[in-house]
Amino acid sequence: MVATVVGGGLAGCEAAFQLAERGVSVRLHEMKPGKRTPAQKGDGLAELVCSNSLRGAALTNAVGLLKEELRLAGSLIMRAALVSQVPAGGALAVDRERFSELVTEAIAAHPRITRVDEEVTSIPASRPTIIATGPLTADALAADLARAIGSEQLAYYDAIAPIVDADSIDMNVAFKQ
């Protein structure tokens, strides 16, 4: 059996890695480097585009406890985060470039993972399939997903970070501070 994972972000890389560690061959589809969303800058996997913080690290709160559970379960993302960690008080923050490099290298080195650098424009027919594209889903795949679930649009509430082109701001009504 070969599992298909669409999306080379944190969730897609973790899913591909965990499947591969359990003996499943995986085809991991990532649209970069051929295509990017406006938020993406690098070619690496697990690119952090909004913040380098993975939030709180203390074992006394839910997000810190979840990170510890992931670490104990052999999470690739947590391993890369701990190796690329930078000072951030009570948060787990990482050097973005190093973090992405570590995840990219681990995926490339895994004998059961094949990275496919091409845009997926529709839900793959192959099964099992995991679609882990999140808020950076390209338009064609987003439209196909919306069609499949019977919705006109998709919404991602936990990672929305608007991108504003400076040329689109009317400085007659706005000011820099």
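## Reading strands, a helix and two cysteines

Mentor: Let's start with strand S1, in what is a predicted model. Four of the five residues of S1 are buried, so this strand is largely enclosed by the rest of the structure.

Trainee: Which strands pair with S1, and in what sense?

Mentor: A useful general idea comes before the pairing: in a regular strand, side chains alternate between the two faces of the sheet. Here, S1 (residues 2–6) pairs with S2 (residues 25–30) in the parallel sense, over five bridges. S1 is also joined to S7 (residues 129–131) by three bridges, and these two run parallel as well.

Trainee: Which residues stand opposite Val 6?

Mentor: In S2 the residue opposite Val 6 is His 29, and in S7 it is Ile 131. Elsewhere on S1, Ala 3 stands opposite Val 26 of S2.

Trainee: Now I'd like to follow S2. What does His 29 pair with in S6?

Mentor: Its bridge partner there is Val 116. S2 and S6 (residues 113–117) run parallel and are joined by five bridges.

Trainee: What is the handedness of the unit that S1, H1 and S2 make?

Mentor: It is a right-handed β-α-β unit, with H1 covering residues 10–21.

Trainee: Let's turn to H4. How do I read which way its residues point?

Mentor: The general idea is that an α-helix has 3.6 residues a turn, so residues three or four places apart point the same way. In H4, the buried residues are Phe 99, Ser 100, Leu 102, Val 103, Thr 104, Ala 106 and Ile 107.

Trainee: What do those buried residues pack against?

Mentor: They pack against H1, S2, H3 (76–83), S5 (91–94) and S6.

Trainee: What span should H4 have, and what does the model show?

Mentor: H4 (residues 96–109) has 14 residues, and at 1.5 Å a residue it should span 20 Å. Its end C-alpha atoms are 20 Å apart, which agrees.

Trainee: Which residue caps the N-terminal end of H4?

Mentor: Asp 95 does: one of its side-chain oxygens lies 3.1 Å from the backbone nitrogen of Glu 97.

Trainee: One last feature, the cysteines. How many disulfides does the structure hold?

Mentor: Zero. To judge a candidate pair, look for sulfur atoms within 2.5 Å. For Cys 13, the nearest cysteine sulfur is that of Cys 50, 16 Å away, and Cys 13 is in no disulfide. Cys 50 is in no disulfide either.

Trainee: Is Cys 13 buried or exposed?

Mentor: Cys 13 is buried, with a relative accessible area of 0%.

Conventions
Residues numbered from 1 in each chain as written. Predicted model: local features only at pLDDT ≥ 70, side-chain atom pairs only at ≥ 80, totals over all residues. Heavy atoms only, no water. Buried < 20%, exposed > 50% of the residue type's maximum accessible area, 1.4 Å probe, protein only. Pairing = 2+ DSSP bridges. Right-handed = clockwise from strand over helix to strand, strands pointing away. Expected span 1.5 Å × (residues − 1). Contact = heavy atoms within 4.5 Å. Polar contact = N/O pair within 3.5 Å; in protein donor to acceptor, adjacent residues only side chain to side chain.
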